[in-house]
Structures are given as structure tokens and as C-alpha cells.
Amino acid sequence: MIVIKHGESDWSMPIQRYSRRLNVLEATRERMVFIFDSFEQIIVSISGGKDSTCMAHLALSEAQRRGRKIGLHFLDEEVVYESTVEQIEYLMGLFPENVAKIWLQIEFRLTNATSVEDGQLICWEAGKHKLWMRPKKPYAIQHRMWSEESQTVRNKNKGFGFYDVIENFERCYNGAAFLVGLRAAGESPNRWRAVVKNPVHIADRDVYWGTKKDKNYSLYPIYDWNFHDVWKYVYDEGLRYSKVYDWQFRKGYSINQMRVSSLIHERAFKSICDLPEFEPKTYNRLCKRIKGIALVQETGKSAKLFACRKLPKNYRSWIAFRDFLIQTHPDQERVHLFVERYQRHLTNEYVARQQCRQLLLNDYENNLPIDNKPDPREALIQYYDEVL
Amino acid sequence: MIALGLTAVEKEVMIAEYCQEHSIRKVFVLSPIRFRPLFELPCEVEYIEWAEIIMYKFFYRLLQEINNYTLLVINECLRIQDRNDLTYNCIRHFLNQTKNQFVFQYLPIIDSIDDFMILFDFDTRSKWKRDAFCGALLRECEIEIKRVNVSWREVRVETNAATTKTYAREKRRLIDDIRLRDPHTIPRNLYLISGKEKVKSIEIESQYVGRNNRFGLDNMRTYRDISGTGQYVVFELCHNFIDFIDFMSVSRQVEIPVMVSDLKVDQWYYDRYQAWGKRLVDAYSALQP
């Protein structure tokens, strides 16, 4: 384990230096000390995954050492693995005297990639408690902590969504540190750049692992951890982790496929394919809760359907398929969002295939952005025409 | 250490000596199954197939088991040009666990000298993973090179006017009807036309290698079939360089006669490989200035 340090250079971007002095765990412990020294209010966001488990444990250990109390915040999306719920309960019960439980079970909208008819799930929808995946926790926060007037919504077309909850929730605090278990090392260079690009100034120090949001700070103390650092920490500390990882391990999932997240959004719906095997009861409840689950379970990995890699044989082109999907879109309220967006795009097969994917996954929020450029195939075909 | 162009026997000798000198208890060989050498060593040997490298059931066990008493052999693992490929990342993690390592590769590149940096990363713990190839960096790693000097010989095959006409017609048809098909199918399919002409010139006493044995000839082998050393006349070249490199690594053939008809597609493939051969020579020159 090597820690990456930042220092000043002639360039506007920070440079990374490799230091043999510290490993990432020691560096994170130092960061925790710094956070506890600098902030009165500390809230750790947890998701039930391996990263947030490590971060929560590190923060709680420091809190226990200082006899302080920190918030553990879980935004419950309702449609999650049962193992995730168990993991959250485990984390919240780990150091009870040092934890303020902030388990949010409030009504908000979640994109449902599994059905175009039921394009959104309203989590914890009032009046539908019989359909909920599970009953609410008695100690959970069940009502919005902010007033209707002060509430902000990023995208009116979507309504009050996941990130709106986070934003409004964070705005309830002043000068707080929100710790997020985001890791940027070894996974995505873009994420790394995004994290370290704009350092924030805290207690006379430039902090490269955080961002400032209004009156609060979002901090990423394990940003330079690699996934094996996370697992080593879990092992060394004897921490419990979500059973989903074990199931995925046994199924031979590759490293980048092993994720524990929401079950229905456009980047995670494939997890439903193996859900009956992993958690049959969760799958059963999910089928009753939302439309489209059984179809995704069978076809989630098919190249012709959701992956949109093969054109269905009744269509001559992706453009024709896209037009068909728009014409027959069941959600007439939202179809104009797609139409307006696609009017700004180039018309070629390369772009149209991506548009089909968005339509099939009901991605009206544009979470799977389209690479709007000329079809690279056309240049290649022209080249072959000239040389052959 | 990076060792280029060694035979299986040479690799085995090198590994055996190293194991003895460094009290190695176990050897892990990471290798595509086609190139898996069966080493006879004084210690335990475990082979991990290319496709298995990324699997968790191997990844974590190996991270746990690889230590300074184990030797890690990365054998013929230069298969993809993406330096950040997941399999390469996993290999790099394994290499971080031990100082005992060998990187064996037949040729230093797939297509360009930058491919060599994948091997370089293996040997240098990825310290220069963001840098492109630069001769000055080579002093950071130990390289042993057994140069592979590829030479090409053109075996000309004449076609007639009717074939040229068919070729032109087929080319137009392929381009006009390409629709959503992969554009690389154009040269691949045009190559089939020249194959029909070239098959008439096949000599019974020679061994040939082609993409497939669609003519059902006894002396024609496919690139995938070849499993040992031998001398072959190339009936048609592979579209992807990696397939041809695999053929060279297995057959150890360096003088390569290629059947080339007077159709444009044949000349295009032949020129493409000549240029590749030139890049290979340049790569050796860059590695051994």
C-alpha cells in the first residue's frame, strides 16, 4: 500500500508524489484526526457497501477514542438487498454510544430502469405501505427534516429524487463534515481528477480529498484506497460485510462487477439477474413492488435488449429502431424529454444506438450520457473503399 | 526481469536456477492456456489461465499466497493493447506482493512500441504507468532480448480478368450493403475471393496456414490449430496482429512465405504486415540501441 501525496508544482494541477512514509491506512487515520480536530459536526454517509463500511469503522474508532458522537447517515432507497439493510443495522450498532442514527426513510423518486410504464418508483410512498419491501424502522427519520418552501429540486421533470434528498438533507447542517466513502484510486482516472482538481481550504490547510458544498464540506478520507486495501482492512479488523459480495465471489464475478447498490437504476439493474439466487425473498417482494422485474431478471444481460448491443432483426438500422421506440413510448408525459434531447444530437448509427439504450432503460435524466460524435465506422468504410 | 523471445526450455532453465538460488517454495505461472509451458521444477507449480486472472476466487487467494518465497511468472500475457486493462491491473497487484518475478514474452509489441510499456509496467511496479515509451526509461528495468528477425517472402499468384471483375463487384456490394456490420468484414470477405484463386496454386508437399480450412485440404492448418513448431506457407494473413503473433510464438517460424495474388486486398494485407515487421525491427532497435 502506497499513499499518494500532493504538493505544489509549477503546474496549475497538483502533482502526486509517492511516499514510503505512510500507507493509505495510516494516512486515513491521520485524515480522521484532522477531521475530528477541525469539525464539530461529522456525518458519515453509509450505503452498506465495503467502502463505506471501512470508512464508518475508521470514523467510529476515532469517535470512540475521543468519546464523541458522530452521525451515521443512510438514505434508504427501499429497493435494496436485505443484506444491505443488515449491514446498516450492524454498522449502527457497532459503537452505539458514539452513533447518532440518521436512517432516512422518506418519500422520494427513484428512476426505474426495469420498466418504461412504471418509469419511477416512489420509495416509501404513502398509502402503499402494504407493498413496501419491508416496514419502516421505528427509529428511522420518516418525514422530511426541511420545510416544503425551502425544498429544492434539481430536475423538475424527474421530481424530488435521490440527489435532491441528499442536497436538502445536507442543507440542514451548518459547517458540518460529510464523510463519503468514495474511492478514486485504481478505478477511474476521471474520478481521481475530479476529486483532486479543486482542493478545499480547511484549518489553514489545502485538502485535496474534499469539496465544499455551501456551508458544509464533503470529504473523501479513503479516496486513495484501492479495493484490496478495503478488503484487507475488513479482514484485519474482523468487520462484517454484505453477504452479496460472497455470493458474487462464488459466482466468479470480476472485480469491477462486484457492486452492492440499488437494484433498479440504469447502471445497476443487471444485479436483478442473479437476485433470485442470492436473495429469493427480496426478489419475490421486488416482483410485487415494481413492474418489469421478471423481464429484467431473464433478459438483463441479453445483448439485444437492455445492453442494446445487437439490433433486433426486424429493424434495418438503429435510427429506425429509435424512431419506433419513440413513437410507441408508453410514457407520453416524458417522451418529449427524449425527443428534445435527440434533436440536438447528430443523426448517425453510432449515436442512435446509444439513444435506443437510453429509451430502453428509460433514462430520461440522461444518466447514461450520449457520445455525440460522427460515426467512427463511416471513416473506416471510406478508407477501405479507397485502398481495397 | 523481462525476457523476450525465449523458448520454453530456456524459460524452464532460467526459472529452475532462480528457484534454487532464492529458496523459492512455489511458482505461479500466469499464462494463456495455449502457451502454457509445463515446467518440471523442484518446487510446486500452479498455472493460472489468462481468463482466470481477474476472477475473485483467484485474485484474493493469490494476493494472500504470493510472497517473497514465491516466484511469479508472467508468460506471454501481452494480449491487449489497453495498458489499463483489468487483467493487467490484477497482474500488477500480484507483482506488488513479491520481488521474485519473470516476464516472458516472445515479441515485444502487438502493434506499436507503446505496447512494450505494458511489460515495462510489470517489471517496474507501474511507477511510470502514465508515461509513453521513452528510451531513457529502459535503464529502470532489466531486459534480456533474443531477437526475432522476421523476413517475408512474397509468393505471387496471378488471377484472371474474370476474378478481377468479381472482386470489383463484390467490393461494391460489401460497401453498399455494409449497414451495421463491422467495416472490417470488407477486407476479410474480399480476401475470400483471392483465396479461391490461391487455392489453385497450392503445392502438395508444402504445409499451409490459413484462417480456416474451408477448402478441406490435408496440408492446410488454421492459425488456431497450430500447436507446435513448423514451417508453413501463409495462405492468408490474419486481420488482427495478435493472432499472427500467436502463430509465430507457437510455430517459431521467422521466415514467412506469403501467398499474394494481384488483387488489391492481398497487396493491402501484405503491405500492412511488412509495415508491422518494420515496426517490430524499430522496436528492437529502440530496446537495444
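1. In this predicted model, the buried residues of helix 8 of chain A are covered by elements that include helix 7 (243-250), helix 9 (280-289) and helix 10 (293-299) of chain A. Helix 8 spans residues 271-278, and because six of its eight residues are buried, the helix is largely enclosed by the rest of the structure. The buried residues are Ser271(A), Ile272(A), Cys273(A), Asp274(A), Leu275(A) and Phe278(A), where buried stands for a relative accessible area under 20%.

2. For chain A as a whole, buried residues account for 54% of the 388 residues, and the secondary structure comprises 14 helices and 12 strands. Of the contacts in chain A between residues at least 6 apart in sequence, 66% link residues at least 24 apart. The area that chain A exposes is about 18700 Å², with carbon and sulfur atoms supplying 49% of it.

3. Chain A also contains an open sheet of six strands, arranged in the order 5-4-3-8-12-11 with mixed pairing. Its edges are formed by strand 5 (99-104) and strand 11 (210-213) of chain A, each of which pairs on one side only. On average, neighbouring strands of this sheet are turned by 25° against each other, direction being ignored.

4. Within that sheet, strand 3 (residues 42-45) and strand 4 (residues 70-75) of chain A pair in the parallel sense, over three bridges. Ser45(A) can be located by its position opposite His73(A), which belongs to strand 4 of chain A.

5. Two helices that pack on the sheet deserve separate mention. Helix 3 (residues 82-92) of chain A touches strand 4 and strand 5 of chain A, and its direction makes about 155° with that of strand 5. Helix 4 (residues 162-170) of chain A, which likewise packs on the sheet, touches strand 3, strand 4, strand 5, strand 8 (177-179), strand 11 and strand 12 (216-219) of chain A, and its direction makes about 160° with that of strand 4 of chain A.

6. As for internal space, the count comes to two cavities of 30 Å³ or more, and the largest cavity holds about 40 Å³ of space. Its lining is made up of Phe35(B), Glu76(B), Leu78(B), Arg79(B), Gln105(B), Ile242(B), Ile245(B), Asp246(B) and Ser249(B). Helix 7 (residues 241-251) of chain B gives the most to the lining of the largest cavity, contributing four residues.

Key
Residues are numbered from 1 along each chain as its sequence is written. Chains are lettered from A and ligands numbered from 1 in the order in which they are written. This is a predicted model: local features need pLDDT of at least 70, side-chain atom pairs count only at pLDDT 80 or more; totals for chains, interfaces and linings use all residues. Side-chain values use heavy atoms; hydrogens and water are left out. Buried means under 20% relative accessible area, exposed over 50%, partly exposed in between (1.4 Å probe, protein chains only). Contact means heavy atoms within 4.5 Å. Accessible areas come from the Shrake-Rupley method with a 1.4 Å probe; for residues, only the protein chains shown count as cover. Two strands pair if DSSP finds at least two bridges between them. Axes are lines fitted to C-alpha atoms, for helices over the stretch in contact, and angles run from 0 to 180 degrees between N-to-C directions. On a 1 Å grid over the protein atoms alone, a cavity is a set of points where a 1.4 Å probe fits but cannot get out, and a pocket is an open set with protein on both sides within 12 Å along at least five of seven lines; lining residues have an atom within 4 Å of a point. Grid points are joined across faces, edges and corners, and a volume is the space filled by probe spheres set on the points.
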